[in-house]
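Thank you all for coming; I would like to spend a few minutes walking you through a structure that may be new to most of you. Please have a look at it first, and then we will go through it together.

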Amino acid sequence: MTEYKIALVGFGGVNRGLAQLIAERNAEWKATLGFSLKIVGVTDLFLGSIVAREGLDARQLVALPGEQGAFAQLPGGTAEAFNETIIKHSGADMISEATFTNPVDGEPATTFCRWALESGIHVVTTNKGPIALHGAELKDVARRNGVAFEYEGSVMSGTPVIRLASQALAGADIQGFEGILNGTSNYVLTRMKDGLTFNDAVAQAQQLGYAEADPTADVEGYDVRLKVVILANELLNARLTVSDVACSGISSISPKDIAQATASGASWKLIGSAHREADGSVRANVEARLLPNEHPLASVSGALNAVSFNTGLLGAVTVCGPGAGRIETAFALLSDIIAIHNRYSK
Ligand code: HSE
């Protein structure tokens, strides 16, 4: 039986969700998955940090108040975020990196991932910034140090897309994809259909915890653009950067546009897509599209996400599920840990 020592980097909703899963399911995982997890350190820029090689009580961590410096309330904890110490020197076999997404330079998450990988520590992350902006470099660092760098949750949280496409659909000849890859914008479009104004619908999405810290990234397509870059590079072997992907959002769609679409049997959706051209190059974009209601993505409503892979052997293969949420995203981290266990424990 394997026990992995894990350090949690960032302790907002997602890693708190992972701590909750550990508190509730560690015993079950021993029997069903063949491993358990011991939290040996936690660090968070706002809450501070704590380290304990003998293991921390996951329930106590979950109950920690979200106040500045809160880790100082626990024995051995401090209000300071000793990120480098926790990542490199807490004795962790792996880190779970779930700090905020920085769409400009991917920092500080990219540095956190690099520190771990260079120290021979596996990384699981849900953070789009490091993958979309520095994915090739970080994968190379992982390969050179003989450790894993896994990021299933960076595209559709716990709904499987990256491993589904790269493993289960390997050989199916994926030529492209189109998807609803942002829960907030899909929620806003759905609620506008119900008669809400754009601003009220965005405010609701924020209250429900779907939106990014700055919801501009959701409604202007920037969040989808990061996910399109990740998927295109992963599945189509492209080398796209963010500036290669033309991007527009949903903020200019008016209640009148929505009503007209409904009357004509169609729905507005924010679609991120990429496809391989005849010359082998990959083209990608993000834009609002008017989809006829018969289209498989037209009926995907609320905060749900969906992606349809266009394959040579099977035609369209579509997967639909949550694309955000704390436990949903924490599950993606678990799926990454399972992948690491299956690869390294055999
Ligand atoms: N803000 C994102 C969304 C969260 O609404 O889908 C998940 O990336």
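Where in helix α5 is the kink centred, and about how many degrees is it? Before I answer, let me say that what you see is a predicted model. The kink is centred on His134, and the angle there is about 95°. You can also find a trace of something unusual in the end-to-end distance, since α5, which runs over residues 128-145 and has 18 residues, has its end C-alpha atoms only 22 Å apart, whereas a straight helix would reach 26 Å at 1.5 Å a residue.

For contrast, please turn to helix α13, residues 326-344. Its 19 residues should span 27 Å at 1.5 Å a residue, and because its end C-alpha atoms are indeed 27 Å apart, the expected and the computed values agree. The buried residues of α13 include Leu333, Leu334, Ile337 and Ile340, and among them you will also find Asp336 and His341.

Let us go back to α5 and look at its two ends. At the start, a side-chain oxygen of Asn127 comes to within 3.1 Å of the backbone nitrogen of Gly129, while just after the helix Gly146 takes a positive phi of about 70°. Between these ends, the buried residues include Pro130, Ile131, Leu138 and Val141, and the elements that cover the buried residues of α5 include α4, β6, β7, α6 and α11.

One residue of this helix deserves a closer look, and that is Lys128, which lies in α5. Is Lys128 buried or exposed? Its relative accessibility is 8%, and because the cut-off for buried is under 20%, Lys128 counts as buried. The side chain of Lys128 makes a polar contact of 2.6 Å with the side chain of Asp223, and, leaving aside neighbours within four places in sequence, Lys128 is also in contact with residues including Thr101, Ser154, Glu212 and Ile230.

Lys128 brings us to the ligand, for it is one of the residues that surround it, together with others including Asn182, Thr184, Tyr210, Asp218 and Gly323. A polar side-chain atom of Lys128 lies 2.8 Å from an oxygen atom of the ligand, and a side-chain N or O atom of Thr184 is 2.7 Å from a ligand oxygen. Taken alone, the ligand would expose 260 Å², and the protein buries 89% of that.

Terms used: Residues are numbered from 1 along each chain as its sequence is written. This is a predicted model: local features need pLDDT of at least 70, side-chain atom pairs count only at pLDDT 80 or more; totals for chains, interfaces and linings use all residues. Side-chain values use heavy atoms; hydrogens and water are left out. Helices (H or I, at least four residues) and strands (E, at least two) are DSSP runs, numbered from the N terminus. The expected span of a helix is 1.5 Å times one less than its number of residues. The bend at a residue is the angle between axes fitted to the seven residues ending there and the seven starting there. Buried means under 20% relative accessible area, exposed over 50%, partly exposed in between (1.4 Å probe, protein chains only). Contact means heavy atoms within 4.5 Å. A polar contact is a pair of N or O atoms within 3.5 Å; within protein, one must be able to donate a hydrogen and the other to accept it, and residues adjacent in sequence count only if both atoms are side-chain atoms. A residue is near a molecule or strand if one of its heavy atoms lies within 4 Å of it. Accessible areas come from the Shrake-Rupley method with a 1.4 Å probe; for residues, only the protein chains shown count as cover.
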